[in-house]
Amino acid sequence: MIDFVKKMFGNSTDYDALIKAGAIVLDVRTPGEFSSGHNKGAKNIPLDSIQNNINAIKKWNKPVITVCRSGARSAMAKSILERAGVEAYNGGSCNSISGITG
């Protein structure tokens, strides 16, 4: 049912497949939010620091899946990254990607 809803609203990206292929999960929440629980293996660069870290992110040379608490900040981060030439996907809420840790 969830897959059907995702397809209805245009979210048919297979994040697990992207991660298995080497994509980086980039959590754009604050360090405090990140430390309260995050995706296993996720990197934390808060939204307000994304622009200053573009060159470092480009050096990853991998697709990036942005996540946050609700999907709003991750959408903004995705746009910033795409404008800089990074292949980016908005994963929305960090809870929507498997592998949350505490």
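Modeller: In what follows, contact means heavy atoms within 4.5 Å. The model discussed here is predicted.

Biologist: Leaving aside neighbours within four places in sequence, with which residues is Glu 33 in contact?

Modeller: Glu 33 is found in helix α3. At 18% relative accessibility, Glu 33 falls under the 20% limit and therefore counts as buried. With neighbours within four places in sequence left aside, its contacts are Arg 69 and Arg 73.

Biologist: How many residues apart in sequence are the parts tied together by the pair Glu 33 and Arg 69?

Modeller: The side chains of Glu 33 and Arg 69 meet in a salt bridge, at 3.7 Å from N to O. Glu 33 lies in helix α3 (residues 31-35) and Arg 69 in the loop between β4 and α5 (72-83), so the parts that this pair ties together are separated in sequence by 36 residues.

Biologist: Is Arg 69 buried or exposed?

Modeller: Its partner Glu 33 is buried, with a relative accessible area of 18%. For Arg 69 the relative accessible area is 58%. That value is over 50%, so Arg 69 is exposed.

Biologist: Which residues do salt bridges that share partners join into one network with Glu 33?

Modeller: Glu 33 also meets Arg 73 in a salt bridge between side chains, at 2.9 Å from N to O. Arg 73 lies in helix α5 and Glu 33 in helix α3, so this pair ties together parts that are 40 residues apart in sequence. Through salt bridges with shared partners, one network joins Glu 33 to Arg 69 and Arg 73.

Biologist: How many salt bridges does the structure hold?

Modeller: Another of them joins Arg 29 to Asp 27, with the closest N and O atoms 2.7 Å apart. Both Arg 29 and Asp 27 are buried. For the structure, the number of salt bridges is 4.

Biologist: Which backbone nitrogen lies 2.9 Å from a polar atom of the side chain of Glu 33?

Modeller: The Glu 33 side chain takes part in salt bridges with Arg 69 and Arg 73. A polar atom of that side chain also lies 2.9 Å from the backbone nitrogen of Thr 30.

Biologist: What does Phe 34 touch, not counting residues up to four places away in sequence?

Modeller: Phe 34 lies in helix α3 and is buried, with a relative accessible area of 14%. In space, 9.2 Å separates Phe 34 from Pro 46, C-alpha to C-alpha, and in sequence they are 12 residues apart. Not counting residues up to four places away in sequence, Phe 34 touches Asp 27, Arg 29, Ala 42, Lys 43 and Asn 44.

Biologist: Which residue in β3 is the bridge partner of Leu 26?

Modeller: Leu 26 is in strand β1 (residues 24-27), where Ile 24 and Leu 26 on one side, and Val 25 and Asp 27 on the other, are all buried. Strand β1 runs parallel to strand β3 (residues 43-44), and 2 bridges join them. The partner of Leu 26 in β3 is Lys 43.

Biologist: Which residue in β4 stands opposite Ile 24?

Modeller: Strand β4 (residues 64-68) runs parallel to β1, joined to it by 4 bridges. Opposite Ile 24, the β4 residue is Val 64.

Biologist: Which element gives the most to the largest nonpolar core?

Modeller: This core has 15 residues, and those with the most contacts inside it are Leu 26, Val 28, Ile 50, Ile 57 and Leu 81. Two or more residues come from each of α4, β4 and α5. With 3 residues, the element that gives the most is α5.

Biologist: Leaving aside neighbours within four places in sequence, what is Ile 57 in contact with?

Modeller: Ile 57 is among the residues with the most contacts inside the largest nonpolar core. Leaving aside neighbours within four places in sequence, its contacts are Leu 26, Ile 45, Ile 50, Val 64, Leu 81 and Val 86.

Biologist: How many residues are in the second, separate core?

Modeller: Phe 34 belongs to this second core, as do Leu 18, Ala 42 and Cys 94. The number of residues in it is 10.

Biologist: Which residue has a positive phi although it is not a glycine?

Modeller: Most residues other than glycine have a negative phi. The residue in question has a phi of about 55° and sits in the loop between α4 (54-60) and β4. With a relative accessible area of 70% it is exposed, and its name is Asn 61.

Notes: Residues numbered from 1 in each chain as written. Predicted model: local features only at pLDDT ≥ 70, side-chain atom pairs only at ≥ 80, totals over all residues. Heavy atoms only, no water. Buried < 20%, exposed > 50% of the residue type's maximum accessible area, 1.4 Å probe, protein only. Pairing = 2+ DSSP bridges. Core = buried A, V, L, I, M, F, W, Y, C linked by side-chain atoms within 4.5 Å. Polar contact = N/O pair within 3.5 Å; in protein donor to acceptor, adjacent residues only side chain to side chain.
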